[in-house]
Amino acid sequence: MGSILGSQKFREIFFQALVLSVVAALLVAMVMNTRASLEAQSLTTGFGFLERSTGWDFSFSVLPYSISDSYSKTILIGFLNTLLLGFLGISLATVIGIVIGLIRTSKNALFSLLGTVYVEIFRNVPLILQAIFWYAIVSHLPRPKAALSLGDTVFLSGRGLYFPVLNIALWSVALMILLFVAWLLFLPWLRERMNHSSSYHVTKRVGWLLLPVIMVVIAYLARTPDTPLINNPALKGLNFKGGMRMPPELSALVIAIALYGGAYIGEVVRAGLMSVPRGQLEAGFVNGLKPRHIFTRIRLPLAIRAVLPSLTNQYVQLMKATTIGIVVGFSDLFMIISTSINQSGQTLELLAILMGGFLLINLSIAFVMNTINKKIALKGYELKS
Amino acid sequence: MTDTTYHLPPQISFSQKLKNSLFATPFDFFLTLICAALFALLLYWFIDWAFISSIWRAEDEPLCKEASGACWSVIDARHRIIFFGLFPFEEHWRSTVACVVMIATIVASCVPWFWTAIRLSALWLIGFSIFYILMHGGVFGLSVITPERWGGLALTIFIFAAVSIIGMPLSIVLALGRRSKLPVIAKLFGLFIDFFRSLPLLTILFTAAVITPFVLPGWLQGDKLYRVIFGFALFFAAYQAENIRAGLQAIPLGQDEAGLTLGLKYWHRVSRIQLPQAFRNSLPSIVNQFVITFKETSIVTIVGFFEILASGSAAFGTGKWTVHYIEVYVFIGAIYFIFVFSLSRYGAYLERKLRVGHV
């Protein structure tokens with residue numbers, strides 16, 4: 001008996017079992033307590049409320065909506081709004097980040113100082129402060145009557161940015177995006193299949209020419225009857241009619257996320273460019289490549305491989321940062337969920353949906369980026385400086 | 001044998017360096033000129049706006065309409081709201097002294113002399129206690145001021161300090177737990193860390209503020225402020241634990257084995273061999289996490305606390321001050337910038353210093 005109790009193995013197993021049962025007991029206690037407090041407040045659990053109509057309004061939606069829509073549709077709209085905000089913010093942040101990264105790696109000291117000043121300013125002030133700052137600026141723009149206009153088609157006012165759109169059905173836009181993505185995914189497969197032959201290049205070229213034609217046909221077929229193809233915004237009374245509106249909440253958040261994320265991504269890009277061993281560049285130079293080609297053929301491809309993991313990390317961080325949209329009243333997933341909690345009282349279910357939504361988005365980003373990372377990784381040996 | 005004399009790089013004079021970095025090619029010359037002009041313009045514009053054409057005193061506010069520069073009158077008139085929130089007016093000195101003490105504590109913990117477990121914990125316990133006693137009162141004849149009335153910079157600093165003081169020991173536990181040899185422990189801690197890292201901070205703070213009353217029995221709930229701080233500390237600890245774990249992983253295996261051979265117990269190996277080296281290895285990223293955390297304290301404004309961002313918005317919220325939002329935002333931005341920039345410069349300094357020590 002003594003030998004069993006004294007043995008290392010037994011103690012380890014006993015200890016782990018103990019910890020596991022304590023954790024399990026805590027979880028059970030929490031669930032019981034939740035049950036009890038829900039019953040005390042006579043709240044029902046379950047996802048049945050998702051079919052009820054909400055009865056409240058919110059600020060922005062990519063889909064047409066009304067206050068009689070169900071909770072599930074409203075939450076879906078919030079999810080799409082978060083995706084839209086994240087997509088716009090992250091894309092712009094990437095563009096800014098690349099530019100800043102290039103500026104900061106410049107040999108010209110004054111030029112690279114420009115990038116440093118940018119990074120230090122935008123990285124050291126909280127994103128949420130930047131968001132409300134830009135919101136204050138954007139919403140204090142002139143009234144619609146005195147809007148800044150660009151060729152009488154794009155208008156910038158305190159009510160938002162108005163720009164022309166095509167008068168076509170929503171499904172066709174989705175179809176076009178789908179078609180484009182499918183074509184991009186189809187190309188690598190085709191290249192494998194046709195073994196890089198010249199007929200592959202012909203097919204590729206024909207495809208690129210055919211794609212816009214098909215899209216124009218789809219747009220023509222899907223246009224709303226009896227309307228002009230292009231829907232221009234125009235001043236009617238006190239506000240604009242027609243066109244598409246980007247509300248000040250969304251603009252402010254996109255600006256804030258783009259500038260803030262740009263500073264972080266700029267640092268990632270700089271680190272990537274600096275990580276390319278100097279010998280690689282010198283080898284290119286010795287082989288007589290032009291500086292331009294040394295950059296595009298050697299430095300950039302190696303830098304992209306080096307930065308992808310940290311870039312994925314930044315994208316996930318920025319996606320999580322979109323939740324601050326609520327400070328300026330942008331109806332993203334978080335705001336929709338928190339309003340739903342106030343209105344319906346289904347706290348636990350809604351919170352589970354919120355967490356599930358973010359898990360889905362973040363895992364998708366990680367999956368896509370890791371796939372790209374694997375696809376472009378250098379095969380054979382690892383490149384180390 | 002090969003010749004092993006080392007050639008030092010040729011000495012380059014300062015003017016030569018300057019020429020190389022600014023005027024190497026005609027294009028560089030052009031670029032330098034443009035950048036210099038841009039910097040001069042921005043600097044001139046900013047100095048003119050902030051210092052020359054600006055209005056400074058609260059009673060000069062009527063002049064602001066004419067002035068082309070900043071209207072700092074709003075800061076002059078409302079700075080007490082920004083710094084102290086709803087803290088009782090007569091007791092503002094307490095809030096000020098408390099902030100100074102806490103900032104001194106933060107600065108002192110950047111000095112290497114304090115970098116032992118005992119000194120650092122003593123420093124923070126003393127600093128934090130003084131801060132809390134000054135803010136909360138109830139002893140030494142100080143009147144009691146409950147946390148609902150705390151606000152402004154003091155609340156920001158309180159949240160930051162409390163999150164650090166709870167989160168740091170927790171992060172060590174999490175990091176050690178995740179590296180445990182016992183599979184169940186390692187999995188449990190790993191799950192816990194990954195769960196907190198996968199969620200936005202705001203959802204965690206929101207859960208802590210709104211959901212915890214359902215989940216925990218009444219006697220465990222505490223004030224909303226403490227719930228939010230605890231949620232924040234868990235989030236912080238999950239991230240910090242990963243930094244520490246990276247530092248632990250970088251330690252050569254032989255170090256721990258040497259301790260084992262000498263017959264040291266687990267806790268001795270952890271406290272004398274592993275942790276000191278782990279902290280040394282990942283000090284820059286640990287400091288960086290503090291930098292991020294200081295910025296993220298601003299998020300508590302969404303769950304309804306009156307920290308410096310919210311009190312700033314309140315400062316221009318009424319009457320004639322509503323038009324001066326830019327000045328207030330720039331002022332608060334500058335306060336954050338001073339804290340965050342100095343902390344991150346310190347982190348960069350550490351990184352350089354440690355790198356030199358390594359090679």
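Me: Before we look at strand β2(A), how many other C-beta atoms within 10 Å make a residue buried?
Reply: Burial is judged by counting other C-beta atoms within 10 Å of a residue's own. To be called buried, a residue needs a count of 20 or more.

Me: Thanks! Which residues of strand β2 (residues 154-157) of chain A are buried?
Reply: Keep in mind that this is a predicted model. Side chains along β2(A) alternate, and A:Val154 and A:Leu156 point to one face and are not buried. Pointing to the other face, the buried ones are A:Phe155 and A:Ser157.

Me: What is the bridge partner of A:Leu156 in β3(A)?
Reply: β2(A) pairs with strand β3 (residues 160-163) of chain A in the antiparallel sense, over three bridges. The two strands form a hairpin with two residues between them. Across from A:Leu156, the partner in β3(A) is A:Leu161.

Me: Are helices α8 and α10 of chain A roughly parallel or roughly antiparallel to each other?
Reply: Helix α8 (residues 248-275) and helix α10 (residues 291-321) of chain A pack with their axes 8 Å apart, at an angle of about 150°. Angles over 145 degrees count as roughly antiparallel. α8(A) and α10(A) are therefore roughly antiparallel.

Me: Which element gives the largest share of the side of chain A that touches chain B?
Reply: In all, 41 residues of chain A are in contact with 39 residues of chain B. Elements giving two or more residues to chain A's side include α4 (109-123) and α12 (347-376) of chain A. The largest share, 11 residues, comes from α2(A).

Note on methods. Residues are numbered from 1 along each chain as its sequence is written. Chains are lettered from A and ligands numbered from 1 in the order in which they are written. This is a predicted model: local features need pLDDT of at least 70, side-chain atom pairs count only at pLDDT 80 or more; totals for chains, interfaces and linings use all residues. Two residues are in contact if their C-beta atoms, placed from the backbone, lie within 7 Å. Helices (H or I, at least four residues) and strands (E, at least two) are DSSP runs, numbered from the N terminus. Axes are lines fitted to C-alpha atoms, for helices over the stretch in contact, and angles run from 0 to 180 degrees between N-to-C directions. Angles under 35 degrees count as roughly parallel, over 145 as roughly antiparallel, 65 to 115 as roughly perpendicular and the rest as oblique. A residue is buried if 20 or more other C-beta atoms lie within 10 Å of its own, exposed if 12 or fewer, and partly exposed in between; C-beta atoms are placed from the backbone. Two strands pair if DSSP finds at least two bridges between them.
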